[in-house]
Amino acid sequence: EFTIMMASAYFGVKGALYSFNGLVMLPYYKSMGVSGTDYQLYGSISRAPFSMKALFGAVSDSVPFLGYHKASYIIASSVLGSLAYMVLGSFHVSAAVAAMFFFLVGIELSVVDLLCEGKYAELMGEKPETGSTLVTWVWA
């Protein structure tokens, strides 16, 4: 169960989705006629959730959501990010609204990354002998 979670988080979300998000933003905004300056602004907005990881961690640690501290937040942020991509792909929105939806995708990326790191750190505390192997697998 843990291995499946880690594989889907690191290969799916942190690997494929993070790469896809980086690759799709420029052509998406370019097709809207967004200037380079505005593109940089909107890109900064979409990456802002990574600077909010401490907040996400503090909230998930102190406020269980549906009885869980990590799993429910991972699922909720994944649903949020998926819905944001569905809106971006299905409807014509303004560049500023698109930035808000890319921000929601950034929340998914940062929450999944942070809470999976928290889970494997928790498990390394329980079984310290697996620590270096687990870290190597995650960062390989």
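The side chains of Lys-70 and Glu-122 meet in a salt bridge, with 3.4 Å from N to O, a salt bridge being a side-chain nitrogen of Lys or Arg within 4 Å of a carboxyl oxygen of Asp or Glu. Lys-70 lies in the loop between helix 3 and helix 4 while Glu-122 belongs to helix 5, so this pair ties together parts that are 52 residues apart in sequence. The structure is a predicted model, in which local features need pLDDT of at least 70 and side-chain atom pairs count only at pLDDT 80 or more, whereas totals for chains, interfaces and linings use all residues. Residues are numbered from 1 along each chain as its sequence is written, and side-chain values use heavy atoms, with hydrogens and water left out.

The protein chain as a whole has six helices and zero strands, where helices (H or I, at least four residues) and strands (E, at least two) are DSSP runs numbered from the N terminus. Read along the sequence, the pattern is therefore α-α-α-α-α-α. Taken along the principal axes, the C-alpha atoms of the protein chain fill a box of roughly 55 × 30 × 25 Å. Of the 140 residues of the protein chain, 37% count as buried; buried means under 20% relative accessible area, exposed means over 50%, and partly exposed lies in between, with a 1.4 Å probe and protein chains only.

With these terms in hand, the opening pair can be described further. Lys-70 counts as buried because its relative accessibility is 17%, whereas Glu-122, at 33% relative accessibility, counts as partly exposed. Glu-122 also meets the side chain of Lys-119 in a salt bridge, at 3.2 Å from N to O. Lys-119 and Glu-122 both lie in helix 5, three residues apart, which is about one turn of the helix, and Lys-119 is partly exposed at 26% relative accessibility. Lys-70, Lys-119 and Glu-122 are thus linked in a network of salt bridges. Lys-70 has a further long-range relation, since Lys-70 and Leu-114 are 44 residues apart in sequence and 9.5 Å apart in space, C-alpha to C-alpha.

The count comes to three salt bridges, and one of them joins Asp-113 to Lys-53, with the closest N and O atoms 2.6 Å apart. This pair links distant parts of the chain, with Asp-113 in helix 5 and Lys-53 in helix 3 (residues 53-62), 60 residues apart. Asp-113 is buried, with a relative accessible area of 7%, and Lys-53 is buried as well, with a relative accessible area of 18%.

The next feature is a pocket. Rolling a probe the size of a water molecule over the atoms shows where empty space is left. On a 1 Å grid over the protein atoms alone, a pocket is an open set of points with protein on both sides within 12 Å along at least five of seven lines, whereas a cavity is a set of points where a 1.4 Å probe fits but cannot get out, and lining residues have an atom within 4 Å of a point. About 200 Å³ of space lies in the largest pocket, the volume being the space filled by probe spheres set on grid points that are joined across faces, edges and corners. Its lining includes Glu-1, Phe-2, Met-5, Tyr-68 and His-69, along with Lys-70 and Lys-119, the two lysines that also belong to the salt-bridge network. Helix 1 (2-31), helix 4 and helix 5 (95-126) each supply at least two residues of this lining, and helix 4 gives the most, with three residues. By class, the lining has seven nonpolar, one polar and three charged residues; here Ala, Val, Leu, Ile, Met, Phe, Trp, Tyr, Cys and Pro count as nonpolar, Asp, Glu, Lys and Arg as charged, and the others, Gly among them, as polar.

Helix 4 (residues 71-90) contains Leu-83, which is partly exposed at 45% relative accessibility. Ile-75, Val-79, Leu-83 and Met-86 make a nonpolar surface patch of about 390 Å². Gly-89 is also in helix 4 and counts as exposed at 67% relative accessibility; Gly-89 and Tyr-28 are 61 residues apart in sequence and 9.8 Å apart in space, C-alpha to C-alpha.

The backbone offers one last detail. Most residues other than glycine have a negative phi. The phi of Leu-66, however, is near 55°, a positive value in a residue other than glycine. Leu-66 has its place in the loop between helix 3 and helix 4, and Leu-66 counts as exposed, at 69% relative accessibility.

How values were computed. Patches are made of residues with over 30% relative accessible area and no salt bridge: like charges are joined within 9 Å, nonpolar side chains (Val, Leu, Ile, Met, Phe, Trp, Tyr) within 5 Å. Accessible areas come from the Shrake-Rupley method with a 1.4 Å probe; for residues, only the protein chains shown count as cover.
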